[in-house]
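Here's a walk through how the two chains meet and how one of them is put together. Have a look at the model first, then read on.

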Amino acid sequence: MRNYLDMKGCDIAWCPGCGNFGILKIVKEALYDLKIKPENLVLVSGIGQAAKTPHYLKTNLFNGLHGRALSPATGIKAVNPKLTVMVTSGDGDIYGEGGNHFIHTIRRNPNIVNLVHDNMIYGLTKGQASPTTLVGMKTPVQVSGVSEEPFNPLAVAIALDCSFVARINSGDIKQSKEILKKAIKHKGYALIDIFQPCPVFNKLNTFDWFKKNSYYLKNHDVTNKEKAFRKALETGKYPLGIFYINKKKKTFEENMGCKSEFYKKKLNVNKLKKVINSIV
Amino acid sequence: MRRKFLDDVSIVLAGAAGQGIQTIQHLLTHILKSEGYHVFAMKDVMSRVRGGVNSTEIRICSKRVSAYVDRMDLFLPLSPEAMKRYGHRITNDTLVIDEKKIPMSKIAKEFGSDIYKNIVAVGFILGMFKVEKNVIERFVKEYFKDKPKFIKNNLLAVGKGYHIGKLYSSKITIKIKKDKKIAKELYMDGSEAVALGAIAGGCNFVSSYPMSPSTGVLVNMAKHSKNFDVLVEQVEDEIAAVNMSLGAWYAGARGLVTTSGGGFDLMTEGLSLSGMIETPLVVHIAQRSGPATGLPTRTEQSDLDLALYAGHGEYPRIVLAPGDAEEAFYLTQRAMNLADKYQLPVLILTDQFLVDSFYNLPSLNPTKIKNKQYFVRTDKNYKRYKFTSSGISPRGLPGFGKGLVCVDSDEHYEDGHITEDHSIRNKMVEKRLRKLEPIKNEISPEFFGNSKYKTLVVSWGSTKGVVKEALEKLNKKGMSYLHFKQVWPLPNNTLNYLKKAKKIIVVENNATGQFAKLLRREFGIDSEGVLKYSGLPFSVEELVKKLK
């Protein structure tokens with residue numbers, strides 16, 4: 001299928017078999033299905049292999065600092081609410097370096113989608129543990145094996161009453177794409193944690209492992225926060241799908257009264273003169 | 001002996017936090033300004049919410065001043081601790097207004113609470129100045145309008161103080177020249193001047209984290225936010241503040257971040273990002289005594305080096321340093337436009353002394369400087385980092401035009417996508433650095449004094465008022481003064497001024513002479529330093545002594 005978001009001849013820096021290829025496909029197909037034009041789309045990322053995603057499709061992009069993608073994304077959406085704003089970054093970026101922004105962006109609730117490419121390892125820096133690496137995995141830095149319990153992004157998000165929480169598998173384009181479309185259409189901050197294999201540095205959590213150790217939620221009430229939380233705590237076999245949606249939360253832009261593009265704003269100079277002259 | 005005040009009275013009020021020093025300052029300065037006096041007020045507060053000793057120094061003058069003096073003409077200690085902390089500044093000429101002169105506590109207790117002591121003192125001082133009683137009452141009513149049940153007692157208390165002050169006024173002479181025009185002048189602190197300057201410069205987005213002494217700017221932006229449609233968000237940390245501001249500028253806002261040295265430390269990676277992606281950024285840094293937590297509520301000019309060198313890699317930046325509230329307004333407005341014009345970070349260096357001090361100013365005109373729109377509508381072939389002779393590539397906004405706006409913290413091609421091509425790298429470095437040269441013609445230093453000088457006193461930022469006043473007092477023919485508002489890049493005509501002097505004295509509120517070192521680095525010129533780093537601003541007296 002030809003997609004107007006395709007970047008012809010771009011040099012992709014990912015390794016063969018990387019889960020990022022699946023994620024790129026999911027992103028492009030979801031955007032295509034929703035007819036979102038590149039000029040009205042901004043992809044924001046930090047640093048890491050996942051953070052290179054915006055370079056591989058036709059879009060406006062803000063590829064900023066490690067861990068900080070959510071902050072500029074929030075600023076961009078507030079300043080021009082007509083744009084579709086998505087953050088595509090990795091587990092180290094969003095859950096490690098940017099953990100504080102992750103927590104507070106959930107609270108702030110900007111109307112953006114946050115895709116977290118979660119391969120449970122650091123790829124770009126060559127194989128150290130990430131916040132989601134499972135206990136026991138040995139790496140060149142964690143030589144005795146990882147001892148910290150993995151970070152549970154979904155449980156944290158649901159505990160903070162995140163307005164949209166889902167998990168998908170990069171290997172399942174069809175179902176993942178539909179979930180992403182719902183996230184894009186959802187009003188508020190949407191977290192999508194993505195199971196993604198790293199064939200070079202994570203020999204445990206492979207394509208097959210993710211397939212074997214996950215299942216899709218069925219007959220799950222997405223409005224029930226407690227049940228969603230319980231599902232988020234499941235680790236033996238990890239649930240996939242939409243865990244939780246809260247449609248009642250106001251977005252950051254609504255709370256801030258952001259309706260149109262800031263670049264159209266004009267300063268009311270006469271009013272400013274009046275205000276200045278009243279400070280006596 | 002009968003005391004006479006002909007040009008200048010300095011009043012120092014001191015007491016515990018919570019004793020209403022701010023109320024006294026507000027009422028005295030507003031009322032005396034409305035009488036036609038020049039007023040200047042500066043705070044000296046401890047980093048605590050209750051107790052300790054806070055003070056405010058108010059100068060009532062026939063001329064416009066913006067400096068601190070050691071001299072205390074009237075001293076009003078509201079607590080025994082205040083006497084201990086400021087007692088060393090009492091001289092034979094100081095009129096100490098204590099319980100012996102006026103039984104403030106006793107009077108206050110008549111109204112059921114010690115809290116009225118401060119308002120009795122206000123009445124006393126205004127009685128000495130022979131201000132009309134109805135004027136005082138008007139201001140008191142206005143000040144307490146949101147607390148109507150306290151108005152009656154405050155009016156009675158101020159009246160009692162006033163009565164005693166008026167009787168006392170037979171023992172002193174206050175003949176400071178008044179000018180009716182001053183009553184109509186503006187009166188604000190440095191924080192509000194920075195905030196209004198930002199608004200005048202089109203600022204419509206503020207993301208910041210509170211930190212003394214920069215919080216005043218954040219509070220003032222919030223205060224004016226509804227009037228001027230400014231989004232003000234208190235973010236989770238300084239890192240979020242700077243990155244959110246970059247997102248906002250990228251998408252078409254004009255952003256302001258306000259912080260102090262410690263907060264700015266956290267922003268430095270974001271500063272580097274601004275340099276790389278050529279997205280404008282304006283950060284106001286209200287300096288305080290460092291390092292680390294330092295003296296959180298005290299002043300210093302010790303973050304110049306930080307502002308000059310913060311952030312990894314090489315990229316151009318602008319550093320501005322206003323000398324008083326008026327300059328704070330115009331330079332902040334300029335900062336918004338300069339950031340947009342040159343697509344780089346602009347840092348505004350103020351300090352606790354400047355932002356917390358109150359000044360009367362003739363006027364502030366938001367149309368004196370023209371705000372310009374620099375962003376462009378993009379077409380299909382738009383390239384964010386197009387090579388140009390000026391180094392400035394037209395800045396598009398996402399969603400404004402048919403083009404794509406790609407910005408990347410990696411080295412990039414003209415279209416914004418990642419590259420590791422060394423020839424492109426060279427061209428991009430050179431393109432970014434080319435932007436610096438024309439900025440040297442933007443804001444010239446201000447010269448005071450005779451153009452034939454042997455000694456040139458040099459300073460930057462908030463020391464302007466004290467240097468000017470000290471030099472006027474000294475009145476030395478061969479000594480002139482050069483005040484820098486743009487401290488980086490150093491303006492083109494700087495060397496002409498420096499070359500003419502036999503001796504250069506650089507006055508700085510820091511311990512290592514940072515600006516002097518910058519002059520040596522850039523021009524190979526040596527200078528003598530007059531430095532102060534106690535946490536307090538220079539006083540006129542000590543500078544007179546040091547420049548003699």
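## Domains of chain B

Into which domains is chain B divided? Going along the chain, you get domain 1 (3-184), domain 2 (189-361), domain 3 (376-439) and domain 4 (444-547). Keep in mind that this is a predicted model.

To get a feel for the spacing, take domain 1 and domain 3 of chain B: their centres, worked out over C-alpha atoms, are 58 Å apart.

## Where the chains meet

On the chain A side, 44 residues are in contact with 54 residues of chain B. Four elements of chain A each put in at least two residues on that side: β2 (60-63), α2 (70-79), α4 (99-108) and α10 (269-277). The top contributor is α2(A), which brings 8 residues. Sorted by character, the chain A side that touches chain B has 22 nonpolar, 14 polar and 8 charged residues.

There's strand pairing across the chains too. β2(A) runs parallel to strand β18 (residues 406-408) of chain B, and 3 bridges join this pair. If you want a spot to zoom in on, find Asn63(A), which sits opposite Asp408(B) in β18(B).

## A sheet in chain B

Now for chain B on its own. Here you'll find an open sheet of 7 strands with mixed pairing, in the order β6-β5-β2-β4-β3-β15-β8. The edge strands are β6 (95-96) and β8 (186-189) of chain B; each has a single partner strand, so one side of each has no neighbour in the sheet.

Further in, strand β2 (residues 8-17) of chain B pairs with strand β5 (residues 74-77) of chain B in the parallel sense, using 4 bridges. Ile11(B) has Leu74(B) in β5(B) as its bridge partner.

## Two packed helices in chain B

How do helix α8 (residues 190-200) of chain B and helix α9 (residues 215-228) of chain B pack, in angle and axis distance? The angle is about 40° and the axes are 8 Å apart. Angles that are neither under 35 degrees, over 145, nor 65 to 115 count as oblique, and α8(B) and α9(B) are therefore oblique to each other. Their crossing is right-handed.

As for who touches whom, α8(B) offers Ser191(B), Glu192(B), Val194(B), Ala195(B), Ala198(B) and Ile199(B). These meet Gly216(B), Val217(B), Asn220(B), Met221(B), His224(B) and Phe228(B) in α9(B). The contact of α8(B) with α9(B) breaks down into 7 nonpolar residues, 4 polar and 1 charged.

Note on methods:
Residues are numbered from 1 along each chain as its sequence is written. Chains are lettered from A and ligands numbered from 1 in the order in which they are written. This is a predicted model: local features need pLDDT of at least 70, side-chain atom pairs count only at pLDDT 80 or more; totals for chains, interfaces and linings use all residues. Two residues are in contact if their C-beta atoms, placed from the backbone, lie within 7 Å. Ala, Val, Leu, Ile, Met, Phe, Trp, Tyr, Cys and Pro count as nonpolar, Asp, Glu, Lys and Arg as charged, and the others, Gly among them, as polar. Two strands pair if DSSP finds at least two bridges between them. Axes are lines fitted to C-alpha atoms, for helices over the stretch in contact, and angles run from 0 to 180 degrees between N-to-C directions. A crossing is left-handed if the near helix is turned anticlockwise from the far one by less than a right angle, and right-handed if clockwise. Domain bounds come from an automatic or database domain assignment.
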